[in-house]
Amino acid sequence: MNITSAKFEISNSNVAKCPDTARHEYAFIGRSNVGKSSLINMLTGRKGLAMTSSTPGKTTLINHFLINDEWYIVDLPGYGYAQRGKKMQTEIKRIIEDYILERRQMTNLFVLVDSRHNPQKIDLEFMEWLGENGVPFAIVFTKLDKLSSAAGKIQTGKYLDRLREQWEELPPVFYTSSSNGRGRKELLDYIEELNRL
Ligand code: GTP
Ligand code: MG
């Protein structure tokens, strides 16, 4: 799929105020700093579209971007950033959970995982919660440019083995790097397929 246009539309903290349309939308979630906003910029080919930062906790709202005047990409705040403070963490958790459970237009949630790390409790619990609530999701390994090709295979393989201990069936899995564009075609093809349903 070609991305011919990508426009920021609205940021807000309340799912009820998200755009009132029937368009398909695809949201990106994961721990703070995992690379959600960078991935959105890579997919759209627009460097400054979603705000990125080397400091975790940059995205704090639900951000809608209209793609090809047809469907939405949604950048969500990261979870599990302890330095945020209790009140802010609770507020972010509420924003994320309300969005995921109430947003009917959300066709698929992409859960990002840093390919360098071993499975983290917070991510496993989050995916478990998605399963329990019947939320359609896919796993996206990020920052694969930071590992050699062999190390990337071993590390992500270990991760998936861990998930297989818990689940009979794995969701779709994507391997990406926002630095070199890896996985862009696969993700956009997948979205195109879902857009047709
Ligand atoms: P929050 O909004 O704070 O939750 O973070 P985020 O998940 O949106 O992460 P963001 O895209 O802001 O990226 C965090 C840091 O990781 C930035 O310094 C990015 O440049 C870097 N980064 C993101 N993706 C990649 C990648 O694929 N490769 C490399 N090398 N760095 C990346
Ligand atoms: Mg972000």
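## Questions on a predicted model

User: Which residues are the closest of the 23 that surround ligand 1?

Analyst: In this predicted model, ligand 1 has a shell of 23 residues around it. The closest of these residues are Gly 35, Ser 38, Thr 52, Thr 59 and Gly 78.

User: Which helix gives the most to the shell around ligand 1, and how do the residues of that shell divide into nonpolar, polar and charged?

Analyst: The helix that gives the most to the shell is helix 1, which covers residues 36-44 and supplies three residues. Sorted by character, the residues of the shell around ligand 1 divide into three nonpolar, 15 polar and five charged.

User: How many residues does the largest nonpolar core have, and which strand gives the most to this core?

Analyst: The largest nonpolar core has 36 residues, and those with the most contacts inside it are Ala 27, Phe 28, Ile 40, Val 74, Val 111 and Leu 112. Several elements each supply at least two residues of this core, among them strand 2 (25-30), helix 1, strand 4 (71-75), helix 2 (86-102) and strand 5 (106-114). The element that gives the most to this core, with six residues, is strand 5.

User: Which residues does Val 74 touch, not counting those up to four places away in sequence?

Analyst: Val 74 is one of the residues with the most contacts inside the largest nonpolar core. Once residues up to four places away in sequence are left out, the residues that Val 74 touches are Glu 25, Tyr 26, Ala 27, Phe 28, Ile 62, Asn 63 and His 64.

User: How many of the nine residues of strand 5 are buried, and which residue of strand 5 is the bridge partner of Tyr 26?

Analyst: Strand 5 is mostly covered, with seven of its nine residues buried. Strand 2 and strand 5 run parallel and are joined by six bridges. In strand 5, the bridge partner of Tyr 26 is Asn 108.

User: Which residue of strand 6 is the bridge partner of Leu 109, and what is the handedness of the β-α-β unit that strand 5, helix 3 and strand 6 make?

Analyst: Strand 5 and strand 6 run parallel, and six bridges join them. Within strand 6, the bridge partner of Leu 109 is Phe 137. Together with helix 3, strand 5 and strand 6 make a β-α-β unit that is right-handed.

User: Which residue of strand 7 is the bridge partner of Phe 141, and which helix makes a β-α-β unit with strand 6 and strand 7?

Analyst: Strand 7, made of residues 173-175, runs parallel to strand 6, and three bridges join the two. The bridge partner of Phe 141 in strand 7 is Tyr 175. The right-handed β-α-β unit with strand 6 and strand 7 is made with helix 4, residues 149-166.

User: Why does Ile 96 count as partly exposed, and with which residues is Ile 96 in contact beyond its neighbours within four places in sequence?

Analyst: Ile 96 lies in helix 2. Because a residue is buried only if 20 or more other C-beta atoms lie within 10 Å of its own, Ile 96, with 19 such atoms, is partly exposed. Leaving aside neighbours within four places in sequence, Ile 96 is in contact with Ile 29, Leu 76, Pro 77 and Tyr 79.

User: What separates the C-alpha atoms of Met 88 and Thr 60?

Analyst: Met 88 is found in helix 2, and Met 88 is partly exposed, with 14 other C-beta atoms within 10 Å. Met 88 and Thr 60 are 28 residues apart along the chain, and the separation of their C-alpha atoms is 9.2 Å.

User: Is Asn 33 buried or exposed, and is Asp 69 buried or exposed?

Analyst: Asn 33 lies in the loop between strand 2 and helix 1, and its phi is near 80°, a positive value in a residue other than glycine. Asp 69 is placed in the loop between strand 3 and strand 4, with a phi near 55°, again positive in a residue other than glycine. Most residues other than glycine have a negative phi. With 21 other C-beta atoms within 10 Å, Asn 33 is buried, whereas Asp 69, with 10 other C-beta atoms within 10 Å, is exposed.

Note on methods. Residues are numbered from 1 along each chain as its sequence is written. Chains are lettered from A and ligands numbered from 1 in the order in which they are written. This is a predicted model: local features need pLDDT of at least 70, side-chain atom pairs count only at pLDDT 80 or more; totals for chains, interfaces and linings use all residues. A residue is near a molecule or strand if its C-beta atom, placed from the backbone, lies within 6 Å of it. Helices (H or I, at least four residues) and strands (E, at least two) are DSSP runs, numbered from the N terminus. Ala, Val, Leu, Ile, Met, Phe, Trp, Tyr, Cys and Pro count as nonpolar, Asp, Glu, Lys and Arg as charged, and the others, Gly among them, as polar. A nonpolar core is a set of buried Ala, Val, Leu, Ile, Met, Phe, Trp, Tyr and Cys residues joined through C-beta atoms within 7 Å. A residue is buried if 20 or more other C-beta atoms lie within 10 Å of its own, exposed if 12 or fewer, and partly exposed in between; C-beta atoms are placed from the backbone. Two residues are in contact if their C-beta atoms, placed from the backbone, lie within 7 Å. Two strands pair if DSSP finds at least two bridges between them. A crossover is right-handed if, with the strands pointing away from the viewer, the path from the first strand over the helix to the second runs clockwise.
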